[in-house]
Amino acid sequence: MANKLTRRDVIKCSLGAGVGAGIGAGLFQNASQAVASESEDTVVPRKRVLRFAHLTDIHVKPERGAGQGMAAALRHAQALDDPPEMIFTGGDGIMDALAATHSRTKQQWQLWNSILKDECSLPLQHCIGNHDIWGWSKSKSETTGDEALWGKQWALQAYGLAKSYRSFDQAGWHFIVLDSVQPRPQGGYMAVLDDEQFDWLANDLAGVDPATPIIVISHIPIVSVTPAFFKDYFKDSKTQVPGSLLHNDMHRIKDLFYNHKNVRLCVSGHIHLVDRVEYLGVTYICDGAVSGAWWGGDWHETPPGYGVFDLYDDASFDHVYVPYGWEARE
Ligand SMILES: [Zn+2]
């Protein structure tokens with residue numbers, strides 16, 4: 001019978017939709033059900049190939065014990081009973097360089113580097129965020145734009161990156177790390193891929209074996225409902241998403257992903273809130289922030305925390321958001 005679904009088909013279908021939606025799971029426990037636990041003789045259990053922690057929006061600064069908070073989050077992640085094999089930082093590692101002077105920016109990156117050196121024994125990957133960019137607010141940062149480290153250069157140096165976007169293969173998955181942040185013609189920044197990066201992304205996707213699952217990391221979400229909880233979302237009886245909160249080019253990125261069904265998972269930060277959106281077979285997860293409300297406690301209902309991702313050999317994945325118990329300090 002052509003239409004008779006086997007258990008294996010059902011599992012495949014649920015994987016196609018992102019391994020279920022964590023039925024009955026709480027806000028911070030939206031991991032998928034374990035496929036292997038449903039196993040029958042004919043089902044090959046999935047095998048975990050990588051566990052990594054996603055520490056985003058750390059926003060480290062000398063005040064409010066932020067350095068101790070960053071260290072506490074790193075220690076917490078590495079001391080889990082089943083610890084991650086890699087740490088991915090998701091951007092906005094420092095409080096702010098956009099409007100900070102040279103000395104203030106230097107102070108923040110020194111703090112960042114010394115804490116990572118002392119507190120992180122795992123391999124690191126980084127993604128650039130808006131607050132990592134030095135001096136785009138020229139008057140406040142007292143810059144001219146001619147400084148060697150101006151713009152993204154300082155962050156690239158601090159993160160040890162040659163370029164603000166890249167891809168690599170690990171554990172049978174293809175990782176794409178995007179640079180969400182471009183200057184806005186009227187000043188400030190907006191979330192978008194410029195044409196050069198978009199073309200690079202299209203080419204990169206085209207070069208991946210369709211059997212290889214793809215994970216995309218960006219600082220700013222491509223798709224997320226979290227911006228709806230920002231006060232500017234409803235203004236003058238209209239709804240509007242500020243161009244700094246979501247990728248302005250989500251439509252063309254969606255079209256691109258639609259042609260590459262092996263794009264499985266998109267991970268972001270920036271909003272400091274957690275959500276999970278399933279759309280056209282892609283799961284978009286926005287993680288909360290290590291800094292919570294920029295070291296002022298919880299942001300809305302979301303406590304300071306980090307994400308733990310498990311990637312499997314059957315293109316499935318799990319995610320949990322892990323609060324690490326940080327209390328705001330004066
Ligand atoms: Zn950000």
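Trainee: In this predicted model, what makes β4 and strand β5 (residues 173-177) a pair?

Mentor: Two strands pair if at least two bridges are found between them. β4 and β5 are joined over 5 bridges, in the antiparallel sense, and therefore the criterion of at least two is met. Within this pairing, S167 has I176 of β5 as its bridge partner.

Trainee: Which sheet contains these strands, and in what order do its strands run?

Mentor: They belong to an open sheet of 6 strands, with mixed pairing and the order β4-β5-β8-β11-β13-β12. β4 (166-170) and β12 (275-279) each have a single partner strand, so they stand at the edges, and one side of each is left without a neighbour in the sheet. On average, neighbouring strands of this sheet are turned by 20 degrees against each other, direction ignored.

Trainee: Why is A202 called partly exposed?

Mentor: A residue is buried at 20 or more other C-beta atoms within 10 Å and exposed at 12 or fewer. A202 has 15, which lies in between, and therefore A202 is partly exposed. A202 is located in helix α6 (residues 195-206). Its C-alpha atom is separated by 7.0 Å from that of L256, 54 residues apart along the chain.

Trainee: Why does G297 receive the label partly exposed?

Mentor: G297 has 13 other C-beta atoms within 10 Å; because exposed requires 12 or fewer and buried 20 or more, G297 is partly exposed. G297 lies in the loop between β13 (282-286) and β14 (305-312).

Trainee: Which residues does G297 touch, not counting those up to four places away in sequence?

Mentor: G297 touches G292 and A328. R329, 32 residues apart from G297 in sequence, is 8.3 Å apart in space, C-alpha to C-alpha.

How values were computed
Residues are numbered from 1 along each chain as its sequence is written. This is a predicted model: local features need pLDDT of at least 70, side-chain atom pairs count only at pLDDT 80 or more; totals for chains, interfaces and linings use all residues. Helices (H or I, at least four residues) and strands (E, at least two) are DSSP runs, numbered from the N terminus. Two residues are in contact if their C-beta atoms, placed from the backbone, lie within 7 Å. Axes are lines fitted to C-alpha atoms, for helices over the stretch in contact, and angles run from 0 to 180 degrees between N-to-C directions.
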